Amino acid sequence: MVKIKYIEHNGKEHVVEVQNGLTVMEGAVQNDIPGIDADCGGSMSCATCHVYVKEDWYNKLPKKEMGEDDMLDQAYEPNSNSRLSCQIMVSDDLDGLSVYMPEKQV
Amino acid sequence: MIKTDAVIVGAGPTGLFCAHQLGIIGLTCEIVDNLDKIGGQCIELYPDKPIYDIPAVPECTGEELTNSLLEQIKPFNFNFHLNDRVQELTNENNNWIVKTTSGKKFQTPNVVIAGGVGSFEPRKFPTKSAEKFDGTAVLYSIKDKTIFKDKSVAIFGGGDSALDWAIELSNTSKVSLIHRRDEFRGAPSSVKKIKELSEKNIINLFTKYSIKDVKGNGSLEEVEIKSEDGESKLLKVDYVLGFFGLIMQLGPIAEWGLNLDKKAIPVNTENFETNKKGIFAIGDICTYPGKLKLILSGFHEGALAARGCFKYARPNEKYRFEFTTASNTIKDRLGVK
């Protein structure tokens, strides 16, 4: 279990404990945190679990796999801090991670 | 007005198998889908990706699954209404009047919503100012390419649609291609071609830029693009095209008076009927305790919803359960001996 902070676009923060082995997307969906839609259910086939991760954490995350950037092209306002939260696997290394939600997903 | 026993909204695997089940029990149906092809997410999102959890099919792609389902319902000759979207549902004397965007009308006692996560729509520009020109100078698909002849066109995107149109339109228009990073996800041959055209100054290529604003009094005059570090450029253009893929929107389904739980429709698990009599929801779009978003669950839900439809389509008949292996009636319907 690690603590992850989800920050809505309006600044509202949600800190929840997420089990190792789940994804950051699943942590949000299972805890009813608004702002992450995850329409495709985590198969990297949509871009509705898009989050921004600030540099300090961004560089510590496991690198993007093939295809993630292609999906991010189709996200709402992606930038170089963008990740798909379904592709970030939770582990002890991520304790204290903060992710920022875009204004909207679709 | 087309009269039918059921209208199925959505031609994905769940909708297709529900059609099969309706056919097996002797009912008719009409199938409507917003996409221009049959298969839903299986075709639009992952035609080439293998699926490993279809019972008795160790591995198949989305495209193979769709083709097999189509083969399975072939004996029933059901009609598909593609490129069309169910817009409005109204109740008239225990029948639903179903209207589509193209103006088609159906009269039916049953509507089965198998709409996945909603209908696929093009993702639009995030800039508010782009809305003003939506459909005139800001476009997300091309119906008539001749309108771009001798004009300046800014194309946004990094996938095949963006690259193909940039190459095609560069023959007769002044094309700028703008993409948020310097890698493209289009076919390698198209990427190569784009780079050649850019080196020959036939296409203006701007990578690591995205849209900031569109400007114009009455008609579109300029598009402003920005890099991530805040630098911006103005391009004089007549048209702005965006190719960012498709997103799924619940769309008009939200207006039909159905109970909604987030983006899903709650149903009972006996026949997958919603809070409205004669409207059923199956597949990814429905929710109930223990719901799994698996194709196989959609098949089960479709089979039970079809029996639910029977009650309203044949109110004076009693439904008889039969096996396809043993029933001559079913074999007749399938055209097998």
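Reader: In β19(B), which residue is the bridge partner of B:Val153?
Author: Quick heads-up: this is a predicted model, where local features need pLDDT of at least 70, side-chain atom pairs count only at pLDDT 80 or more, and totals for chains, interfaces and linings use all residues. Residues are numbered from 1 along each chain as its sequence is written, with chains lettered from A and ligands numbered from 1 in the order in which they are written. Four bridges join the parallel strands β13(B) and β19(B) (strands are DSSP E runs of at least two residues, helices H or I runs of at least four, numbered from the N terminus). Across from B:Val153 in β19(B) sits B:Tyr239.

Reader: What angle does α4(B) make with β13(B)?
Author: α4(B) packs on the sheet, where it touches β13, β14, β15 and β19 of chain B. Taking N-to-C directions, on a scale from 0 to 180 degrees with axes fitted to C-alpha atoms (for helices, over the stretch in contact), the angle with β13(B) is about 165 degrees.

Reader: Are α1(B) and α3(B) roughly parallel or roughly antiparallel?
Author: Helix α1 (13-24) and helix α3 (62-73) of chain B pack with their axes 9 Å apart, at an angle of about 15 degrees. Angles under 35 degrees count as roughly parallel and over 145 as roughly antiparallel. So α1(B) and α3(B) come out roughly parallel.

Reader: How many residues of chain A are in contact with chain B?
Author: Contact here needs C-beta atoms, placed from the backbone, within 7 Å. Chain B brings 18 residues to the meeting, and the count for chain A is 15.

Terms used: Parallel < 35°, antiparallel > 145°, perpendicular 65-115°, else oblique. Contact = placed C-beta atoms within 7 Å. Pairing = 2+ DSSP bridges.
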